[in-house]
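Okay, thanks for making the time, everyone. I'll put the sequence and the structure up on the screen, and then we'll walk through them together.

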Amino acid sequence: FRSHELKSPLASIKLYLQTINKRELNKHQIMSFIDKCLLDVERLDDLVENMLLASKIENQSYTFPKEKFSLSALVDSVVNRLQINKCDFTKQLINAEIEPKIEITGDKFALSSVVTNLVENAIKYSQPCEEVNVKLFRKEGSIYLQVADRGIGIADEEKERIFDRFYRVGSEDTRNTKGTGLGLYIVKQVLDKHDADIFVRDNRPKGSVFEVVF
């Protein structure tokens, strides 16, 4: 794990706050800078949660406490938090089709991390404002979560390695944003603890589809 993953959003927050503090800004500019700070805080929050969860998984100190909860509400909450409406007034970045009232027994915190990591990954490897599709539905006694992007895609030889700790798809040149390489590792470890499967396949005409089956 590289420390600059934490330093980058911290530096951004510091710069915005210093600008607010030192310059005469109007209310609209101040609110815009505060919104950007909040996005960086959320990014930091996700990074820290991933680090803590990965550390607990590695140390085998996490027990995955299970409870019954609404997976529909959880997915909806994550999508709303990561939604970006500033790209184009005619569309939203994340197109979600969430079947209501799907309940599951599992670790709500860890599964929230799974959904967050899958959706964030789809955004990360897509062009800015490219649509990401999230679907949650029941079919033949199983629960399916699908996250599809139209990003850079994953080469066949990389598909077996993407769930390894610290492995990152593509090269530095093909990635839009930095990452820790922990996201998909956490996804796989958490799903294994829930007896769930995850599959990755090519999207058409481009990109990737991650499918989780409970």
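**A patch, some salt bridges and a sheet**

Let's start on the surface: Met31, Ile34 and Leu38 make a nonpolar patch of about 250 Å². Of these, Met31 sits in helix α2, which covers residues 27-58. How accessible is Met31? Its relative accessibility is 40%, so Met31 counts as partly exposed.

Before going further, a word on confidence. What you're looking at is a predicted model. The mean pLDDT of the chain is 83, with 86% of the residues reaching 70 or more. Where is the confidence highest, and where is it lowest? Strand β5, residues 142-148, comes out highest with a mean of 96, while helix α5, residues 156-159, is lowest at 73. There's also a stretch to watch: over residues 172-176 the pLDDT stays under 50, and the model has 10 contacts there beyond four places in sequence.

Now the overall layout. We have six helices and seven strands in the chain, and reading along the sequence you get α-α-β-α-β-β-α-β-β-α-α-β-β. The chain has 214 residues, and buried ones make up 44% of them. If you take contacts between residues at least 6 apart in sequence, 69% of those join residues at least 24 apart. The accessible surface comes to about 12,300 Å², and carbon and sulfur atoms account for 50% of that.

On to the strands. β2, which is residues 94-98, runs parallel to β4, and five bridges join the two. If you want a landmark there, find Ile94, which stands opposite Val132 in β4. On to the pairing of β4 with β5: those two run antiparallel, with seven bridges between them. Here the landmark is Arg138, standing opposite Ile143 in β5. β4 and β5 form a hairpin with two residues between the strands, and in that hairpin Glu140 takes a positive phi near 50°.

Okay, charges. Side chains of opposite charge can pair when their charged atoms come close. How many salt bridges does the structure hold? Six, and I'd like to go through some of them.

Take Lys206 and Glu130: they form a salt bridge, and their closest N and O atoms are 3.6 Å apart. This pair links distant parts of the chain, 76 residues apart, with Lys206 in the loop between β6 and β7 and Glu130 in the loop between α4 and β4. Are the two partners buried or exposed? Glu130 has a relative accessible area of 19%, and the cut-off for buried is under 20%, so Glu130 counts as buried. Lys206, at 40% relative accessibility, is partly exposed.

Next, Glu131 and Arg150, whose side chains meet in a salt bridge at 3.6 Å, N to O. Again the pair links distant parts of the chain, here 19 residues apart: Glu131 is in the loop between α4 and β4, and Arg150 is in the loop between β5 and α5. Glu131 counts as buried because its relative accessibility is 17%, while Arg150 is partly exposed at 34%.

Then there's Glu211 with Arg201, a salt bridge whose closest N and O atoms are 3.9 Å apart. Glu211 is in strand β7 and Arg201 is in strand β6, so this pair ties together parts that are 10 residues apart in sequence. For burial, Glu211 counts as buried at 13% relative accessibility, and Arg201 is partly exposed with a relative accessible area of 39%.

Let me finish by going back to Arg150. Which residues does Arg150 touch, once you leave out those up to four places away in sequence? The list is Ser126, Glu130, Glu131, Asn133, Asn203, Lys206 and Gly207. You'll recognise some names: Glu131 is its salt-bridge partner, and Glu130 and Lys206 are the pair we started the charges with. One more distance for your notes: Arg150 and Asp202 are 52 residues apart along the chain, and their C-alpha atoms are separated by 9.5 Å.

That's my tour. If you open the model yourselves, try starting at Arg150, in the loop between β5 and α5, and follow its contacts, including Glu130, Glu131 and Lys206, from there.

Terms used. Residues are numbered from 1 along each chain as its sequence is written. This is a predicted model: local features need pLDDT of at least 70, side-chain atom pairs count only at pLDDT 80 or more; totals for chains, interfaces and linings use all residues. Side-chain values use heavy atoms; hydrogens and water are left out. Patches are made of residues with over 30% relative accessible area and no salt bridge: like charges are joined within 9 Å, nonpolar side chains (Val, Leu, Ile, Met, Phe, Trp, Tyr) within 5 Å. Accessible areas come from the Shrake-Rupley method with a 1.4 Å probe; for residues, only the protein chains shown count as cover. A salt bridge is a side-chain nitrogen of Lys or Arg within 4 Å of a carboxyl oxygen of Asp or Glu. Helices (H or I, at least four residues) and strands (E, at least two) are DSSP runs, numbered from the N terminus. Buried means under 20% relative accessible area, exposed over 50%, partly exposed in between (1.4 Å probe, protein chains only). pLDDT is the predictor's confidence in each residue, from 0 to 100. Contact means heavy atoms within 4.5 Å. Two strands pair if DSSP finds at least two bridges between them.
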